[in-house]
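User: I'd like to learn how to read strands and sheets in a model like this one. Could you walk me through it?

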Amino acid sequence: MINRTLIKDLAPLPDGTVTVSGWVDTVRDQKKVQFVVLRDESGALQLVRPRTAADVLAANGETDEIADAISGLSQGSFVTVTGELKHDERVKLGGIEVKVETLLVDSLADPETPIAADSGIDKRMDWRFLDLRVPRNALIFRVQTTLEHAMRSYWVERDYVEVHTPKLMATPSESNAELFKVEYFEGAAYLAQSPQHFKQMAQAAGFGKIFEIADVFRADPSFTSRHATEFTSVDAEISYIDSHEDVMAMHEEVLVAAFTAVKEKHGAEIKELFDVDVVVPTTPFPRIPLAEAKRIVAERGYVVPRADADMDPEGERQIAEYVRETYGHEFVFLTDYDASIRPFYHMRHEDDPSLTKSYDLIFNGTEITTGAQREHRIDVLEAQVREKGLELEGLASYLDFFRHGVPSHGGFGMGLARVLMLMLHQPNLREVTFLFRGPTRLTP
């Protein structure tokens with residue numbers, strides 16, 4: 001390993017010799033002194049190199065090789081520098097600088113940079129590795145790391161089991177829509193739309209409480225700001241529940257733990273680079289039955305123009321604004337969705353079978369999660385499969401989970417990138433996805 005010091009760790013060090021490595025951001029090549037702004041993954045640093053006087057060099061028959069190397073540096077070149085660290089409050093960039101003594105050009109960048117600060121998002125996605133060198137964009141994935149770690153920690157500390165479910169399936173996990181069909185030896189397979197079947201299998205296996213953070217695939221031709229064909233889903237499933245209220249209570253706690261961790265570790269930097277205050281939500285989150293939410297939205301002057309019983313994106317924004325005004329909260333659970341728009345495995349209410357024990361979680365005006373209590377009674381489950389017009393034979397291996405005893409259970413699936421997008425108030429899922437996949441993008 002290169003024996004280097006991260007830029008963020010330089011300030012506490014005493015003046016003296018240090019080695020740093022990073023990408024050249026800017027070069028100011030003046031007659032008597034040269035300045036370079038160097039960036040690594042942790043921050044930016046000013047390098048300074050006084051030029052050796054021309055008459056001194058001429059007298060000795062030498063050239064200033066370091067000065068010549070600095071003059072030839074292009075933006076994005078990767079260099080390793082050893083020099084003298086000096087604390088100087090006059091230096092605007094962190095109050096420190098390094099006087100260059102040796103410079104190694106590890107990799108010289110092409111002089112023409114393909115993207116700029118004002119490049120459009122599609123162009124930036126073409127050159128994503130350069131786009132991610134921008135500190136603001138790199139921060140997104142440190143936030144993502146903290147968010148995931150906090151959720152995992154919450155579950156592991158409570159004795160949940162982490163599972164890794166297969167992404168190649170013999171039958172659809174949700175419905176026949178939005179499926180990627182792939183060749184599989186002499187037959188065909190489908191890319192998993194969710195880990196739903198296998199989360200429930202874990203309950204039949206007696207795991208009790210499980211979670212998974214993994215990719216799922218949707219052959220959805222949408223070109224909206226919140227859809228992708230491959231995305232990371234955060235899933236959890238728990239047994240021995242009384243209703244979907246138990247799932248929502250766990251879901252709240254997970255998000256509070258995750259947002260607390262992000263605020264504590266990155267809150268100041270998020271405020272600096274995104275001008276966003278991370279708000280740790282209070283519990284319980286507001287809960288509004290879907291029918292009531294649609295009535296509230298209508299009273300605000302917007303009638304959801306759908307032929308089915310579902311809410312639409314504008315309705316989600318309207319109810320979120322109502323909740324913000326009424327409760328001062330960024331989250332709201334919309335509950336009790338109509339059975340006609342929910343999957344066959346959602347449990348129905350005993351007193352009203354037209355409604356499911358399910359919810360969507362809305363965050364800052366956009367749905368991030370669907371959750372529910374699952375139907376675990378095989379006779380009821382088979383009846384609901386038929387009601388949805390599905391074939392029992394095609395779901396035979398799934399239905400077998402429920403023929404040998406399974407406890408009441410429920411869970412949720414949550415889009416990780418949507419949470420990041422809405423937490424950081426970004427306009428598009430592509431901004432917060434490491435490498436985005438959509439109907440027209442398979443590279444880089």
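**Reading strands, a helix and a surface patch**

Analyst: Gladly! Let's start with a pairing: strand E12 (residues 287-289) runs parallel to E13, and three bridges link the two. Keep in mind that this is a predicted model.

User: Which residue of E13 is the bridge partner of Arg287?

Analyst: Arg287 is partnered by Phe333 in E13. In general, strands of a sheet pair through backbone hydrogen bonds, in a parallel or an antiparallel sense. E13 also shows the second sense: five bridges pair E13 with strand E14 (residues 358-363) in the antiparallel sense. There, Val332 is opposite Ile362 of E14.

User: Which way do the side chains of E13 point?

Analyst: The general idea is that side chains in a regular strand alternate between the two faces of the sheet. In E13, Phe331, Phe333 and Thr335 point one way, while Val332 and Leu334 point the other way. Strand E13 (residues 331-335) is mostly covered, with five of its five residues buried.

User: What is the strand order of the open sheet of eight strands?

Analyst: The order is E6-E10-E11-E16-E15-E14-E13-E12, and the pairing is mixed. Strand E6 (161-162) and E12 are at the edges with a single partner strand each, so each has one side without a neighbour in the sheet. Elsewhere in this order, strand E11 (residues 230-239) and strand E16 (residues 409-415) run antiparallel, joined by seven bridges. Ile238 has Gly410 in E16 as its bridge partner.

User: How does E5 pair with E3 and with E4, parallel or antiparallel?

Analyst: Strand E3 (residues 43-50) pairs with strand E5 (residues 96-107) in the parallel sense over three bridges, and Val48 is opposite Lys99 of E5. Strand E4 (residues 78-87), by contrast, pairs with E5 in the antiparallel sense, over 10 bridges. Within E5, Val105 is the bridge partner of Val79.

User: Now to helices. What span does H5 reach from its first C-alpha to its last?

Analyst: A handy check is to set the span beside the value expected at 1.5 Å a residue. Helix H5 (residues 135-157), with 23 residues, reaches 33 Å, close to the expected 33 Å. Just after H5, look for Asp159, which takes a positive phi of about 70°.

User: Last one: is Phe185 buried or exposed?

Analyst: Exposed means over 50% relative accessible area. Phe185 counts as exposed because its relative accessibility is 77%. Phe185 lies in the loop between strand E8 (181-184) and strand E9 (187-191). Together with Leu168 and Tyr184, Phe185 forms a nonpolar surface patch with about 370 Å² of accessible area.

Definitions and conventions
Residues numbered from 1 in each chain as written. Predicted model: local features only at pLDDT ≥ 70, side-chain atom pairs only at ≥ 80, totals over all residues. Heavy atoms only, no water. Buried < 20%, exposed > 50% of the residue type's maximum accessible area, 1.4 Å probe, protein only. Helix = DSSP H or I, 4+ residues; strand = E, 2+ residues; numbered from the N terminus. Pairing = 2+ DSSP bridges. Expected span 1.5 Å × (residues − 1). Patch = residues over 30% accessible without salt bridge, like charges linked within 9 Å, V, L, I, M, F, W, Y side chains within 5 Å. Areas by Shrake-Rupley, 256 points an atom, 1.4 Å probe, with all protein chains shown as cover. Salt bridge = Lys/Arg side-chain N within 4 Å of Asp/Glu carboxyl O.
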